[in-house]
Amino acid sequence: MTISKDTAEHYLWGQGCDGWHLVRTPELSVIEERMPPGTSEARHYHVRARQFFYVLEGELTMEVERSFHTLRAGEGVEIAPGMAHQAFNRSGSDVRFLVTSHPPSHGDRVACE
């Protein structure tokens with residue numbers, strides 16, 4: 001079955017950010033997300049989920065264990081379980097990226113400072 005943002009389940013999060021569930025199974029989650037300029041998510045980690053963030057368009061700043069990574073289209077970063085992280089859009093335009101989580105990260109999120 002073909003899936004796209006037009007057919008995927010959509011949700012809102014944060015400060016005007018969008019997410020689309022492209023794959024949503026008990027074993028795997030693939031989400032396309034959009035963050036407007038100046039937005040961020042809360043710093044957190046996952047107990048079980050391993051994640052991979054891959055930028056499709058724009059520029060995403062990822063803080064992973066207090067180290068900052070600037071990712072552009074065609075670049076990504078892997079985040080192991082237990083690693084504190086936070087996504088930021090510090091650019092002047094939208095950023096679109098994929099988040100792959102194995103197992104899915106929903107319900108596996110622990111807030112941290």
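User: What is the strand order in the open sheet of six strands?
Analyst: This is a predicted model. Strands of a sheet pair through backbone hydrogen bonds, either parallel or antiparallel. Here the pairing is antiparallel. The order of the open sheet is β1-β2-β3-β10-β5-β8.

User: Which strands are the edge strands?
Analyst: An edge strand pairs on one side only. Two strands fit that description, and one of them spans residues 76-79. The edge strands are β1 and β8.

User: What is the average twist from one strand to the next?
Analyst: The twist is taken along the open sheet of six strands, β1-β2-β3-β10-β5-β8. From one strand to the next, the average is 20°.

User: How many bridges join β1 to β2, and which residue in β2 is the bridge partner of Y11?
Analyst: β1 and β2 run antiparallel, joined by five bridges. They also form a hairpin, with three residues between them. In β2, the partner of Y11 is G19.

User: Which residue in the turn between β1 and β2 has a positive phi?
Analyst: The hairpin leaves three residues between the two strands. One residue in this turn has a phi of about 60°. That residue is G14.

User: Over how many bridges do β2 and β3 pair?
Analyst: A hairpin joins β2 to β3 through four residues. Across the pair, D18 stands opposite R34 in β3. The pairing is antiparallel, and the number of bridges is six.

User: How many of the eight residues of β2 are buried?
Analyst: Buried means under 20% relative accessible area. Strand β2 covers residues 17-24 and is mostly covered. C17 is in that range, and with a relative accessible area of 0% it is buried. The count of buried residues in β2 is six.

User: At the other edge, which residue in β8 is the bridge partner of Q51?
Analyst: β5 and β8 run antiparallel. Four bridges join them. The partner of Q51 in β8 is I79.

User: How many disulfides are there?
Analyst: A disulfide is a covalent bond between the sulfur atoms of two cysteines. The cut-off for the pair of sulfur atoms is within 2.5 Å. The sulfur of C112 is 18 Å from the closest cysteine sulfur, in C17, so the gap is too far for a bond. The count of disulfides is zero.

User: Is C112 buried, partly exposed or exposed?
Analyst: The partly exposed class lies between the 20% and 50% cut-offs. C112 has a relative accessible area of 26%. That makes C112 partly exposed.

User: Which residues lie closest to the centre of the largest pocket?
Analyst: The largest pocket holds about 300 Å³ of space. Its lining has 18 residues. The closest to the centre are E33, E41, S105, H106 and R109.

User: Which element gives the largest share of the lining of the largest pocket?
Analyst: The elements giving two or more residues are β1, β3, β4, β5 and β10. The largest share is three residues. It comes from β3.

User: How many residues of the pocket lining are charged?
Analyst: The lining of the largest pocket includes six nonpolar residues. Another nine are polar. The charged residues number three.

User: Which peptide bond is cis, with omega near -15°?
Analyst: The bond leads into P103. P103 sits in the loop between β10 and β11. The cis bond runs from H102 to P103.

User: Is E65 buried, partly exposed or exposed?
Analyst: E65 is found in the loop between β6 and β7. Its phi is positive, about 55°, although E65 is not a glycine. Relative accessibility is 42%, so E65 counts as partly exposed.

User: Is R66 buried, partly exposed or exposed?
Analyst: R66 is also in the loop between β6 and β7. R66 is not a glycine, yet its phi is positive at about 70°. The cut-off for exposed is over 50%. At 57% relative accessibility, R66 counts as exposed.

User: How far apart in space are T39 and A87, C-alpha to C-alpha?
Analyst: T39 lies in the loop between β3 and β4. At 6% relative accessibility, T39 counts as buried. T39 and A87 are 48 residues apart in sequence. In space, their C-alpha separation is 8.6 Å.

Note on methods
Residues numbered from 1 in each chain as written. Predicted model: local features only at pLDDT ≥ 70, side-chain atom pairs only at ≥ 80, totals over all residues. Heavy atoms only, no water. 1 Å grid on protein atoms, 1.4 Å probe; cavity = no way out; pocket = protein on both sides within 12 Å on 5 of 7 lines; lining within 4 Å. Points joined across faces, edges and corners; volume = space filled by probe spheres on them. Nonpolar A, V, L, I, M, F, W, Y, C, P; charged D, E, K, R; others polar. Buried < 20%, exposed > 50% of the residue type's maximum accessible area, 1.4 Å probe, protein only. Pairing = 2+ DSSP bridges. Axes fitted to C-alpha atoms, helices over the stretch in contact; angles between N-to-C directions.
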